[in-house]
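User: I am new to reading protein models. Please take one helix and go through it closely, then show me how it fits into the rest of the chain.

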Amino acid sequence: MAVALYDLGSAAGLKKLDEHLLTRSYITGYQASKDDITVHEALPGSPSSEFINVSRWYNHIEALLRIAGVSAEGCGVIIEGFAPIAEEAVATPPVDETKAAAAEDDDDDDVDLFGEETEEEKKAAEERAVAVKASAKKKESGKSSVLLDVKPWDDETDMQKLEEAVRSIQMEGLLWGASKLVPVGYGIKKMQIMMTIVDDLVSVDTLIEDHLTVEPVNEYVQSCDIVAFNKI
């Protein structure tokens, strides 16, 4: 089902997009797709930092476009008020429609207007791709400081093992910082832990959904929440 968004040039439109990305890493699905590209192009520029989730997503898509590009189809997205064509809406066609259109064009595939690439052209293209990727890696990425609330299942949860389980999550661009236990009530304590992330490499939503709240960490962790998110 296609996602519907409003005019992304307005504060109201950005607010709706920010709410949409609150629990998601991408516009649709679990990987970057053409839906993300459609929304990225609809934005007039880098979003304000007050829209934390949009800024996080925007920086991530920018990094993907610099390094590898995006090829997944997506589920479709409709952006009202952006580049009106027929019904004042632009849509990324759902996968089924895209496949149907591709099938209709099959008869034209046999016509080669430009000829095949030569070995020299292929080699030059590969060298340019390597150079672009190397340049992107050298470019300094932005960093953010994030404070997480990590809640246990009950008052019998071993908080030391909970912290060890959390810190066992290691990935490029993630650095764990100081932590402390905070009383919640009824003998239960939660852990607050700082972490520093490289924005282009680490998505906090993905970290929580795919690492901190799944096995084996969820033996100790009941839930995680973002308390503070600040650019460094």
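Analyst: What follows is a close look at helix α3 and then at the parts around it. Keep in mind that this is a predicted model.

Start with the whole chain. It has 7 helices and 7 strands. From the N terminus on, they run β-α-α-α-β-β-α-α-β-α-β-β-α-β. The chain counts 232 residues, and 35% of them are buried. Now look at contacts between residues with a separation of 6 or more. Of these, 68% join residues 24 or more positions apart.

Now to α3 itself. This helix covers residues 52–67. It has 16 residues. From the first C-alpha to the last, α3 reaches 23 Å, close to the 22 Å expected at 1.5 Å a residue. After the helix comes G69, whose phi is positive, near 85 degrees.

Which residues of α3 are buried? They are N53, V54, S55, R56, W57, Y58, H60, I61 and A63. Find them in the structure one by one. An α-helix has 3.6 residues a turn, so residues three or four places apart point the same way. The buried residues of α3 pack against three helices: α1, α2 and α7. Of these, α2 spans 34–42 and α7 spans 204–212.

Take α1 next. It runs over residues 11–20. Two packed helices are described by the angle between their axes and the distance between the axes. Here the axes of α1 and α3 come within 7 Å. They cross at roughly 75 degrees. Angles from 65 to 115 degrees count as roughly perpendicular, and α1 and α3 are therefore roughly perpendicular to each other.

Which residues make this contact? On the α1 side they are L14, L17 and D18. On the α3 side they are I52, N53 and V54. By class, the contact has 4 nonpolar, 1 polar and 1 charged residues. Two of the α3 residues here, N53 and V54, are also on the buried list.

Now move to α7, another partner of the buried residues of α3. I208 sits in α7. Is I208 buried or exposed? Its relative accessible area is 12%, so I208 is buried. Leaving out residues up to four places away in sequence, I208 touches L148, T213, C224 and I226. L148 is 60 residues away from I208 along the chain, yet their C-alpha atoms are separated by 9.7 Å.

C224, one of the residues that I208 touches, is buried too, with a relative accessible area of 10%. Compare C75: at 36% relative accessibility, this cysteine counts as partly exposed. The structure holds 0 disulfides.

Go on past α7. The loop between α7 and β7 holds P216. β7 itself spans 221–231. The peptide bond from E215 to P216 is cis, with omega near 0 degrees.

One last loop is worth finding. Y186 lies between β5 (174–185) and β6 (188–198). Its phi is near 55 degrees, a positive value in a residue other than glycine. Is Y186 buried or exposed? Y186 is exposed, with a relative accessible area of 82%.

To retrace the path, begin at α3 and its buried residues. Step across to α1, roughly perpendicular to α3. Then go to α7 and find I208. End at P216, in the loop that leads from α7 to β7.

Definitions and conventions
Residues numbered from 1 in each chain as written. Predicted model: local features only at pLDDT ≥ 70, side-chain atom pairs only at ≥ 80, totals over all residues. Heavy atoms only, no water. Axes fitted to C-alpha atoms, helices over the stretch in contact; angles between N-to-C directions. Helix = DSSP H or I, 4+ residues; strand = E, 2+ residues; numbered from the N terminus. Parallel < 35°, antiparallel > 145°, perpendicular 65-115°, else oblique. Contact = heavy atoms within 4.5 Å. Nonpolar A, V, L, I, M, F, W, Y, C, P; charged D, E, K, R; others polar. Disulfide = S-S within 2.5 Å. Buried < 20%, exposed > 50% of the residue type's maximum accessible area, 1.4 Å probe, protein only. Expected span 1.5 Å × (residues − 1).
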